[in-house]
Amino acid sequence: MKNSRQALIQLAILVALGAAVLLTILLPRQAEGRKAVEPLEISVVLREADSTLWATARLGMEQAAGELGAELRVLTLAQANDAQGQLSVVRREAEQKADALVVVPADPVELGLALIQGELGCPVVSLESAVDGAPQTVAPDNGALGRALAQAALDDGCRGPVLLANASPDSTGVTQRVRGARQALEEAGLEVRLEEEGQLEGLLDGEWAAVMVFEPALTERALALKEGMGLDVPLYGAGVTANVAAGLERGTVTAAAAWSDFAAGYLAVEGAAALARGTQRQADPLPFFILRGEDIYEPKYQKLLFPVS
Amino acid sequence: MRGLLKGLAGRVVKRYQGMSIQMVLSLSFTAVALVGVVFMGGSLLLRFSDSARNLSQQATRRVLAQVNLNLDSYLRRMMRVSDTMYYRVIKNTDLASDTLDEEMGLLYEENRDALVSIALFDAAGRLVEAAPLSGMKASAEPSQSRWFRAAAERMENLHFSTPHIQELFDDPDYRYRWVVSLSRQVQLTRGGDTESGVLLVDMSFNGIAQVCREVELPNGGYVYLVSREGELIYHPRQQLIYAGLLEENNVAAAGYSDGTHEESFQGKAREVTVKTVGYTGWKLVGVAPSAPLWGETDSVLLFGLSLLLFSAFLMAFLNFRVSAYIADPIRRLDQAVKELEAGGETVEVDVEGGCYEVQRLSRSIRSMVSTLRHLMDDIIEQEEQKRRSELEVLHSQINPHFLYNTLDSVIWMTECGRTQEAVQMVTSLARLFRISLSGGRRMIPLADELEHARHYLNIQQIRYRNRFDAQVEARPGTQGLYTLKLTVQPLLENAIYHGMAGAEEDGLIRVDAYREGDDLVIDVMDNGVGMPPEKAACLLEEHGPESGGSGSGIGVRNVHRRVCLTFGEGYGLTIFSEPDEGTTVRVRLPVLDEGAAARYQ
């Protein structure tokens with residue numbers, strides 16, 4: 001009886017050791033198998049028809065994708081700010097099994113509804129505007145940005161009526177900037193006119209003490225119009241593209257609210273990858289600053305505005 | 001703590017005592033071998049780790065040397081451009097009569113893959129000539145630039161700036177290019193007079209970035225480039241650093257001398273290898289996470305663990321087999337002894353194989369078992385003899401001849417009117433039988449034995465018409481002693497039948513009991529015919545001659561055997577006899593009180 005018990009103990013020891021050997025041989029293979037899984041597929045859906053406005057952000061996105069093992073697909077709309085068109089693109093990407101989406105929402109409310117109703121089935125990170133149901137938003141504090149831009153105008157001695165133009169009234173992020181600027185200007189006792197059709201052509205040559213726009217595309221348009229029409233009305237914009245930087249340098253753009261598009265793109269893709277892998281990291285609002293032409297070559301600004309490609 | 005250790009040791013000892021020798025051997029071998037393997041594995045791991053670290057450092061140094069070489073080559077090329085422009089073009093040109101645009105354009109075209117612009121400024125910072133763009137921005141102030149001031153201050157040197165956006169020329173495409181400016185002070189000739197100027201060669205930062213970009217170091221390391229002040233020139237993740245999403249220890253690294261340094265940054269140990277780039281004072285910094293003790297990756301650790309476990313498995317298997325081989329003879333021996341304990345009669349203690357000690361033990365046990373069996377046979381034989389003796393005693397008790405003769409004598413005496421003697425005889429007979437029975441006990445008081453002898457002698461005296469006298473005496477010191485029942489009567493019978501056969505009323509039979517040390521001695525003496533001593537000597541032998549005549553010497557031998565079987569060879573009968581002088585039979589018994597006698601019952 002005792003001998004058979006000890007034989008069983010010996011057998012158990014051998015089986016346990018054998019199993020441990022097999023486990024240590026198989027585990028690395030499994031780990032390698034896990035490592036060799038296909039990279040994440042992340043789709044980026046912009047709200048513009050022209051992706052060059054997001055060129056800097058795209059550099060950040062690609063850096064994050066490279067580091068995190070993700071494949072990026074950047075999609076633009078046939079028509080800028082087409083909320084329905086964007087929603088159908090987003091749905092199609094979700095159906096095609098994208099692991100996560102980064103969306104610059106044309107209409108955050110519509111997108112939020114789709115998310116809340118569970119239509120998409122994959123995590124979404126929103127850029128620029130907060131979206132209900134999206135677990136992460138990468139954007140500056142839009143209200144504060146609008147107020148800071150208005151304060152820059154006030155600091156420049158702006159005392160007359162101010163034109164606030166918004167070509168994307170459905171974009172809550174841009175609208176928050178407009179609302180912040182309007183609030184600050186009205187508190188300062190200035191007359192404010194809000195233009196939400198984005199039709200600057202007939203308005204820019206009015207008697208404005210300042211014109212303010214709140215997104216890069218409209219800033220570029222306003223810059224081009226101003227130079228084309230030979231106006232000298234102070235122009236305040238948001239977002240610094242190469243054209244806007246040149247406008248700042250030439251003095252066409254008086255000041256612009258700027259942030260690191262590279263960081264925005266990087267954080268958006270990093271957040272999307274984390275959500276796709278089941279974790280979540282809430283990002284703080286992106287820091288922004290008000291840039292003027294004379295500051296553009298300051299080392300700290302040029303590093304942020306013109307990424308090393 | 002001490003109590004805990006003691007308790008632990010106690011438990012180990014208890015567990016050890018409950019284990020088989022095979023288990024103890026196999027577990028001990030395995031444990032010792034495992035300790036050895038772990039020790040060796042640890043040593044190898046440390047050695048491997050050191051080697052891996054050295055290899056990693058060497059690899060990093062080699063990579064940095066190669067990057068430095070490429071960077072050096074790139075910077076030399078830019079310096080050659082600057083030298084060519086200065087020594088072959090500017091020095092040979094009088095700006096009052098000639099222009100530089102053709103040669104400068106040609107030089108730019110030859111090196112446009114690495115250049116952004118070449119420009120010449122006078123001492124006041126006014127543009128003299130530039131390629132490919134010649135329209136300066138209205139806001140440009142070359143004389144206020146760091147590269148210009150550095151060239152103006154140290155005329156003999158070539159000056160490399162840190163990367164910055166090219167800010168001098170109007171670019172119709174609004175391209176903001178990162179450049180590293182190489183500036184030097186030059187002597188311009190204008191109308192035969194010489195004046196100072198600054199030659200600027202803006203090289204594309206991409207060229208430097210490409211030199212560093214594809215470099216990979218062991219353990220996921222990377223390379224970055226800093227100025228002597230610690231300003232970041234190139235870093236694979238520099239945009240993240242600029243955006244505040246990442247930090248680098250670049251300022252500290254700028255203070256390191258060339259070589260490998262250990263540092264801890266953000267809680268992580270790193271090996272930082274520094275190499276200073278020539279001409280510029282920049283520093284190439286290779287950062288590699290410190291290799292963990294167990295090697296490069298988890299897979300190395302798992303591989304080591306797998307080897308260790310496989311060794312343990314192999315050793316355990318071999319140890320179990322070897323210990324089984326060693327312990328098997330002992331186990332079989334143990335099994336045989338257990339069977340013996342259980343009373344097995346046909347157990348063969350014959351263990352083949354095993355080491356010398358086991359075989360010797362096996363032989364010893366076999367010999368012991370054999371002795372035991374012989375002893376048991378002897379005991380059985382003795383018991384058989386004892387049983388036979390007892391039967392003979394019983395037989396003698398109810399000797400029909402004795403009974404017949406006695407009763408016949410009683411009848412004869414009754415018929416002759418010798419009633420008194422008849423009563424005496426019957427009374428003695430009754431007492432004789434009562435003591436003979438004694439409740440079936442083997443040991444009876446000496447007094448009873450002597451009384452038994454007296455009654456026997458009474459009967460025989462009456463039968464033999466008082467042809468002999470009889471005396472029975474127990475000396476002081478024998479009171480309360482016990483003796484083997486019916487020891488004396490067969491001797492008296494022998495004395496009467498053989499000793500008194502020729503007696504004529506002068507025969508004497510004496511029984512004398514006394515103590516001699518720890519022995520009780522009972523002498524039965526007669527003054528009969530006696531016998532030669534040699535005959536007396538062989539009377540007690542197992543197959544000795546009978547004494548002849550009526551009666552039998554068997555009774556004497558029987559008494560002797562009974563005493564020897566009961567008390568051992570030191571006790572028994574001794575016969576002293578001389579012809580015509582009589583015979584003394586001496587019975588030697590141990591002194592037994594009632595308690596001691598009870599053990600022989």
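**The open sheet of chain A, and one tryptophan in chain B**

Let's start with the sheet in chain A. It is open, has 6 strands, and runs in the order β7-β6-β8-β9-β10-β11, with mixed pairing. Its edge strands are β7 (192–195) and β11 (288–292) of chain A, and each of those pairs on one side only. From one strand to the next, the twist averages 20 degrees. Keep in mind that this is a predicted model.

Now one pairing inside that sheet. Strand β9, residues 235–238 of chain A, pairs with strand β10, residues 255–259 of chain A. The sense is parallel, over 3 bridges. Look at A:G237: its bridge partner in β10(A) is A:A256.

What packs on the sheet? Helix α6 of chain A does, residues 172–187. Helix α6 touches β6 (162–165), β7, β8 (210–213) and β9 of chain A. Its direction makes about 165 degrees with that of β7(A).

Step back to the whole of chain A. The secondary structure comes to 10 helices and 11 strands. Of its 309 residues, 50% count as buried. Take the chain A contacts between residues at least 6 apart in sequence: 70% of them join residues at least 24 apart.

Over to chain B, and B:W178. This residue sits in strand β5 of chain B, residues 178–190. Buried or exposed? B:W178 counts as buried, because it has 21 C-beta neighbours inside 10 Å, and the cut-off is 20 or more. Setting aside neighbours within four places in sequence, B:W178 is in contact with A:V308, B:P163, B:I165 and B:F205. One more distance: B:W178 and B:N206 are 28 residues apart in sequence, yet 7.6 Å apart in space, C-alpha to C-alpha.

Terms used:
Residues numbered from 1 in each chain as written. Chains lettered and ligands numbered in written order. Predicted model: local features only at pLDDT ≥ 70, side-chain atom pairs only at ≥ 80, totals over all residues. Helix = DSSP H or I, 4+ residues; strand = E, 2+ residues; numbered from the N terminus. Buried ≥ 20, exposed ≤ 12 C-beta atoms within 10 Å, placed from the backbone. Contact = placed C-beta atoms within 7 Å. Pairing = 2+ DSSP bridges. Axes fitted to C-alpha atoms, helices over the stretch in contact; angles between N-to-C directions.
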